[in-house]
There are 2 protein chains.
Amino acid sequence: MISCLLVEDQTLVRLGLANLLNLSDVICVEGQAENGEEALNQLEQRDFDVMLLDMRMPVLDGLGVLRALQNSTKCAPPILIITTFEDCEVLVSAMALGAKGYVLKNIELEELIESIKQIVAGRKVLQPALTDYLLQKQISPQIELTEKERQVLTCLSLGMANKTIARNLHNSEGTIRNHVSHILAKLEVQDRTQAVLKAIELGLV
Amino acid sequence: MISCLLVEDQTLVRLGLANLLNLSDVICVEGQAENGEEALNQLEQRDFDVMLLDMRMPVLDGLGVLRALQNSTKCAPPILIITTFEDCEVLVSAMALGAKGYVLKNIELEELIESIKQIVAGRKVLQPALTDYLLQKQISPQIELTEKERQVLTCLSLGMANKTIARNLHNSEGTIRNHVSHILAKLEVQDRTQAVLKAIELGLV
DNA sequence: TTTTCGCTATGACATCTGTCACTGTTTTTG
DNA sequence: CAAAAACAGTGACAGATGTCATAGCGAAAA
């Protein structure tokens with residue numbers, strides 16, 4: 001029987017998932033936490049075979065937990081990240097911080113149980129759908145904006161006009177126009193609206 | 001016994017929640033769907049007392065389902081939106097489209113069951129935490145766009161120029177300009193970029 | 001040191017954008 | 001039916017937007 005610490009802020013999701021896992025004959029959710037701090041407390045008090053960790057949480061999020069464990073002397077259980085597609089940007093950081101694998105919340109139950117077994121056995125679990133996505137993002141030519149350009153882009157995605165941006169950043173309107181022009185070129189788009197859309201898509205803002 | 005259709009894309013969450021609800025002695029999850037289209041299919045085939053509807057889904061999202069039901073002659077069950085704090089911007093649209101209430105996914109189980117009973121009894125359920133947030137955001141009164149305006153707005157949020165939109169929708173550029181002008185007025189913004197941002201924020205696209 | 005790069009700035013230019021007024025047709029609604 | 005919308009269009013206009021060439025300044029890199 002694999003003892004498991006489940007860390008997830010949404011009550012319904014946590015209870016539901018715990019229930020499902022407990023119905024299996026190999027996994028037993030023996031600890032639950034609804035944020036990172038609680039998780040760390042639970043780890044203080046007893047040992048687990050594995051920790052299922054959500055990324056987005058109040059108080060202390062998934063990355064926070066991983067950081068805390070790295071700086072701690074205590075020997076933590078292997079960690080499987082359970083996250084949504086929307087939050088997958090932080091996965092690279094999570095893996096760098098010592099997580100042993102990641103799966104999407106919309107994974108099938110059977111597959112999740114299999115993943116947990118793999119993690120406990122010391123192997124890594126990288127769900128293909130996510131890996132593909134991350135690789136594709138990395139392959140996509142990285143857009144390098146200067147500090148000023150980033151500022152202007154932020155203003156753009158707040159819907160500001162050139163004149164307004166100029167006032168905000170204490171520049172002439174002409175200067176801002178130049179920056180905008182460079183941003184459009186770097187993002188390979190034709191106008192500010194497309195720039196904002198692309199920036200949102202790429203998570204630049 | 002209340003028969004319930006549960007619409008939620010994340011498999012684990014859906015199964016877990018169904019399980020929890022079925023453990024109660026008043027609610028029975030008799031249908032499940034992992035996207036809006038499946039939900040509509042299920043509604044075709046049989047009746048339910050209530051539908052629990054997630055907002056963010058692939059294929060056809062929550063708003064899409066509500067729109068489809070509004071344009072349909074069929075008598076749909078009352079709908080309770082179950083969503084996350086992050087997606088709550090679209091709730092105003094959802095309510096305008098006929099949803100009967102909304103709760104957060106991190107609601108307590110007891111409270112959720114109580115909410116479902118209220119909905120089935122014909123009352124509305126507006127979870128205070130969300131209502132407060134929305135009021136604080138001073139969400140403007142429901143924005144009513146015409147069909148054509150919606151089409152143009154969609155084009156706008158794809159980053160199209162007026163000329164491109166005109167070609168796409170088979171209109172003169174002047175006509176498109178007029179439509180854009182009306183959209184800006186209705187959204188109470190100054191230019192197309194702000195319109196796109198607001199449209200995204202309000203879930204109009 | 002020389003070069004490169006980021007930032008600032010200006011002026012000119014073509015084009016795009018949004019507003020307004022006004023004219024119609026068609027469809028919906030009271 | 002009559003009024004009200006939605007839809008399509010035109011022409012004119014002011015202002016916003018984006019491009020380009022050019023140039024000075026300071027800091028960092030070669």
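Start by selecting DNA strand C in this predicted model and showing the protein around the strand: 20 residues surround it, and the closest are A:Thr146, A:Ser172, B:Arg177, B:Ser181 and B:Arg192. Colour these surroundings by class and you will find three nonpolar, ten polar and seven charged residues.

Next, switch to the helices. In chain A, pick H7 (147–156) and H9 (173–187); in chain B, pick H8 (162–169) and H9 (173–187). Each of these helices supplies at least two residues of the surface near DNA strand C.

Which part of the DNA strand faces the protein? Of the atoms of strand C within 4 Å of the protein, 65% belong to sugar or phosphate, and the rest to bases.

Now zoom in on three side chains:

- A:Asn178 places a polar side-chain atom 3.2 Å from a base oxygen of strand C.
- B:Arg177 has a polar side-chain atom 3.1 Å from a base nitrogen of strand C.
- B:Lys163 has a polar side-chain atom 3.2 Å from a phosphate oxygen of strand C.

For the last stop, stay with B:Arg192, one of the closest residues to strand C, and select residues 192–202 in both chains. This is helix H10 of chain A packing with helix H10 of chain B, at an angle of about 30° and with axes 8 Å apart. Angles under 35 degrees count as roughly parallel, so H10(A) is roughly parallel to H10(B). The crossing is right-handed.

Show side chains here: Arg192, Thr193, Val196, Leu197 and Ile200 of chain A meet Arg192, Thr193, Val196, Leu197 and Ile200 of chain B. By class, this contact has six nonpolar, two polar and two charged residues.

Note on methods:
Residues are numbered from 1 along each chain as its sequence is written. Chains are lettered from A and ligands numbered from 1 in the order in which they are written. This is a predicted model: local features need pLDDT of at least 70, side-chain atom pairs count only at pLDDT 80 or more; totals for chains, interfaces and linings use all residues. Side-chain values use heavy atoms; hydrogens and water are left out. Axes are lines fitted to C-alpha atoms, for helices over the stretch in contact, and angles run from 0 to 180 degrees between N-to-C directions. Helices (H or I, at least four residues) and strands (E, at least two) are DSSP runs, numbered from the N terminus. Angles under 35 degrees count as roughly parallel, over 145 as roughly antiparallel, 65 to 115 as roughly perpendicular and the rest as oblique. A crossing is left-handed if the near helix is turned anticlockwise from the far one by less than a right angle, and right-handed if clockwise. Contact means heavy atoms within 4.5 Å. Ala, Val, Leu, Ile, Met, Phe, Trp, Tyr, Cys and Pro count as nonpolar, Asp, Glu, Lys and Arg as charged, and the others, Gly among them, as polar. A residue is near a molecule or strand if one of its heavy atoms lies within 4 Å of it. A polar contact is a pair of N or O atoms within 3.5 Å; within protein, one must be able to donate a hydrogen and the other to accept it, and residues adjacent in sequence count only if both atoms are side-chain atoms.
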